[in-house]
Amino acid sequence: CMVELIKIDKDLVPPYPQSLYVRPNMISISNFVFKQNEALLYVILCPVGDFFSTGTSKSVSLMADPNYTRCFYGGVSQYKMGCNYSPTIYVQEVAASRSCDQVLWLFGEDERITEAGTMNIFIHWKNEKGEKQLLTPPLDGLILPGITRSSVLELV
């Protein structure tokens with residue numbers, strides 16, 4: 001259905017380096033709280049510019065402050081839920097006040113990297129042996145096992 005929708009709304013697709021934000025959503029339309037047997041699938045389309053003021057060809061600065069965390073074991077950060085986004089707004093403002101483009105979220109005493117902003121993070125680097133590696137946090141109950149993360153790992 002998303003391909004057909006984009007074909008219908010092709011005039012919304014902006015030129016590069018802008019992009020078309022595509023967000024499929026599914027909500028319950030059942031009258032029951034615990035037994036969900038009806039759902040509505042809908043797709044939001046929105047043309048968007050560059051995500052960061054630096055433009056697409058420059059790196060972004062990240063604030064990594066262990067005083068703030070976005071996820072924790074026993075929470076709901078491994079699920080796609082609106083409540084996972086609102087707590088990040090204040091910390092994003094703190095990052096901006098420190099001249100940073102985004103937040104690099106840390107967790108635990110060892111300050112493990114979990115996410116960047118509201119997105120999965122991937123680090124492409126050369127290790128001590130000179131081998132190229134693509135690193136991303138594990139799926140251990142802290143982060144969303146989303147389609148973006150899965151797709152990137154499958155393509156590599």
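Two strands count as paired if DSSP finds at least two bridges between them. That rule applies to a hairpin in this predicted model, described here after the chain as a whole.

The chain contains 3 helices and 7 strands. From start to end of the sequence, these elements come in the order α-β-β-β-α-β-β-β-β-α. The pattern therefore opens with a helix and closes with one, and another helix sits between a run of three strands and a run of four.

In extent, the C-alpha trace covers about 50 × 40 × 35 Å along its principal axes. The chain has 156 residues, of which 24% are buried. Its exposed surface comes to about 11200 Å², and 59% of that area is supplied by carbon and sulfur atoms. Among contacts with a separation of 6 or more, 47% are between residues 24 or more positions apart.

The charges can be described by their mean positions. The chain carries 13 positive and 16 negative charges, and the mean position of the positive charges lies 5 Å from that of the negative charges.

The hairpin is made by strand 6 and strand 7. Strand 6 covers residues 123–126, while strand 7 covers residues 132–135. The two strands run antiparallel and are joined by 4 bridges, so they meet the requirement of at least two bridges for pairing. One residue pair can be picked out in the structure: H124 has L134 in strand 7 as its bridge partner. Between the two strands lie 5 residues. In this turn, G130 has a positive phi of about 85 degrees.

Methods
Residues numbered from 1 in each chain as written. Predicted model: local features only at pLDDT ≥ 70, side-chain atom pairs only at ≥ 80, totals over all residues. Heavy atoms only, no water. Buried < 20%, exposed > 50% of the residue type's maximum accessible area, 1.4 Å probe, protein only. Contact = heavy atoms within 4.5 Å. Areas by Shrake-Rupley, 256 points an atom, 1.4 Å probe, with all protein chains shown as cover. Lys, Arg positive; Asp, Glu negative; His and termini not counted. Charge placed at Lys NZ, Arg CZ, Asp CG, Glu CD.
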